[in-house]
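Trainee: Could you take me through a close look at one part of this fold, the sheet and what packs against it? I would also like to hear about the cysteines.

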Amino acid sequence: MKKTFRLEGLDCANCAAKMEKAVNGLDGVKNAAVNFMTGKMIIEAEDDKMSDIVTTAEKVIKKIESGVSIKKI
């Protein structure tokens with residue numbers, strides 16, 4: 001399953017790279033990609049783990065850049 005999110009308030013390309021690396025490291029994530037220019041994040045993961053992954057990804061992203069909010073597209 002793939003889900004796409006908008007990262008509102010993303011101001012730092014380095015932070016986007018850190019977010020991508022951190023989300024890719026989460027259990028159950030097959031692939032995660034953060035595009036700084038478009039402000040989008042795509043997560044590909046197992047269907048049954050997606051809600052837990054999204055919740056954890058939100059926490060990880062807030063820790064890296066506190067002003068970023070995640071909106072499902």
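Mentor: Let's start with helix α2, residues 50-64, which lies across β1, β2, β3 and β4. In this predicted model, helix α2 runs at about 140° to β3. The sheet beneath that description is open, with four strands in the order β2-β3-β1-β4 and antiparallel pairing. Its edge strands are β2 (29-35) and β4 (69-72), each of which pairs on one side only. From one strand to the next, the twist averages 25°.

Within the sheet, β1 (residues 2-8) and β3 (residues 40-45) run antiparallel and are joined by five bridges. If you want a spot to click on, lysine 3 stands opposite isoleucine 43 in β3. Helix α1, residues 13-24, packs on the sheet too, where it touches β1, β2 and β3. The direction of helix α1 makes about 170° with that of β2.

Now for your cysteines. The closest cysteine sulfur to that of cysteine 12 belongs to cysteine 15, at 3.0 Å. A disulfide here requires the two sulfur atoms to be within 2.5 Å, so this pair is too far apart for a bond. Seen from cysteine 15, the closest cysteine sulfur is likewise that of cysteine 12. The count of disulfides therefore comes to zero by the 2.5 Å rule. As for their surroundings, cysteine 12 has 24% relative accessibility and counts as partly exposed, while cysteine 15, at 13%, counts as buried.

Definitions and conventions:
Residues are numbered from 1 along each chain as its sequence is written. This is a predicted model: local features need pLDDT of at least 70, side-chain atom pairs count only at pLDDT 80 or more; totals for chains, interfaces and linings use all residues. Side-chain values use heavy atoms; hydrogens and water are left out. Buried means under 20% relative accessible area, exposed over 50%, partly exposed in between (1.4 Å probe, protein chains only). Two strands pair if DSSP finds at least two bridges between them. Helices (H or I, at least four residues) and strands (E, at least two) are DSSP runs, numbered from the N terminus. Axes are lines fitted to C-alpha atoms, for helices over the stretch in contact, and angles run from 0 to 180 degrees between N-to-C directions. Contact means heavy atoms within 4.5 Å.
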